[in-house]
Amino acid sequence: MENYFLRWILKLCMLCTVLGEECSLELKPSRVVVGFGEPVTVSCEASRPVRVLGWESAIGAAHTQQDRSVQWKVDSLIDWIEEPICYGVFFTAPRQCEEKLNLILYKTPDSVTISSANHTGPMVEGTEYQLLCDVQNIAPVQYLTLKWYRGKTEVYNHSFSDLTPVTPVQVSSILLIAPTQADDGAQYRCVAQLEMGPEGPQPSPSVTSEPLNVSVHYPPSFLSPDTETVDMGLGYEITLNCTATGNPTPLYSWASSAPQEKMEDQPVLTSSYFLPGTYTCIASNKMGKKSKQFIIKTKSKGRRTVEGAYINITVQKTKLAAPTGILVEAIVFLKSYFQVCKGSYKGLY
């Protein structure tokens, strides 16, 4: 009954308020940011003698007729539509004035999740996809910023400042991507952050989603030039490296213009017995295929023919016994070489 009477006096005295004059009330603090379920205390102080000073509120209402200060105090704030107002009825004009507390009651989200919208499995290079970030039960949404990250790099942020609900809501954000092979294995995350100014918690409260791992399928590409020329020397080991990147992992096949035994289907071939010619490697997966050529050439100095291959034999003028020894060594070498190439000696000249 007493509270009703005081409110009636307050509304009656509002008619007597002198426009243009400042209110003699001060709230300390004037802006309050409170987490859902947390306690809050705000003081209202009058700068001149006051007949009645009080708080009009659904919870924590209070008033005084003696002091120039009165507190609004709540042990656990859970009312989303609470709008506390401090009012004063004075002995002199202006007879009445009021100050509304700038109160922000916030709640961090129950969950933040990220997914690929309308798609499952690996992505295809160059195709556009939508990544979806869902935020459940967050308030107030107008202070929410959703930040998208690729690895540690922020790639997009979404503000909801145009929305007005003060109660918890569900919101979402969409990120469009057209992945390349550089995105294969990348991780995307979204972070829901409530940025409520200097009066709010520092740092700003945030909740981060679990990472979304992206797998991108793309055709093979070689780590080295598409065509390589290799000089061949007698007895030197030659490596043909056809390693390619691709997802799925590329398969390899080889073809040669030179007569040769069947070549292994491996990305790297190493041998001392390659014949001169062109060797073609094909790397392929379900996204496409690409070829690479290796051109093996012989050195031009001191060449002799063995079934299309070349060996180096150097003969120097010396004593009579020397040529015989050289010839014997050459014959022994050629015999060994024939066993590998399965050819026939065309002669020394």
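**Entry 1: a strand pair**

I started at threonine 145 and looked up its bridge partner in strand 14, which is serine 159. I kept in mind that this is a predicted model. Next I looked at the two strands as a whole. Strand 13 covers residues 144–150, and strand 14 covers residues 153–159. They run antiparallel, and six bridges join them. I then checked the connection. Strand 13 and strand 14 form a hairpin, with two residues between them. Glycine 151 sits in the turn and has a positive phi of about 65 degrees.

**Entry 2: an open sheet**

I moved on to a sheet of three strands. The sheet is open, and I noted its order as 1-3-6. Its pairing is antiparallel. Which strands lie at the edges? I found strand 1 (25–28) and strand 6 (69–74), each pairing on one side only. Neighbouring strands of this sheet are turned by 20 degrees against each other on average, direction ignored. I followed strand 3, residues 40–46, to strand 6 and noted six bridges in the antiparallel sense. Serine 43 has glutamine 71 of strand 6 as its bridge partner.

**Entry 3: a pocket**

Last, I looked up the second largest pocket. It holds about 290 Å³ of space. How many residues line this pocket? I noted 16. Nearest its centre lie Trp80, Glu82, Leu103, Ile104 and Val166. I sorted the lining by type: ten residues are nonpolar, two are polar and four are charged. Which strand gives the most to this lining? I found strand 9, residues 102–106, with four residues.

Methods: Residues numbered from 1 in each chain as written. Predicted model: local features only at pLDDT ≥ 70, side-chain atom pairs only at ≥ 80, totals over all residues. Heavy atoms only, no water. 1 Å grid on protein atoms, 1.4 Å probe; cavity = no way out; pocket = protein on both sides within 12 Å on 5 of 7 lines; lining within 4 Å. Points joined across faces, edges and corners; volume = space filled by probe spheres on them. Nonpolar A, V, L, I, M, F, W, Y, C, P; charged D, E, K, R; others polar. Pairing = 2+ DSSP bridges. Axes fitted to C-alpha atoms, helices over the stretch in contact; angles between N-to-C directions.
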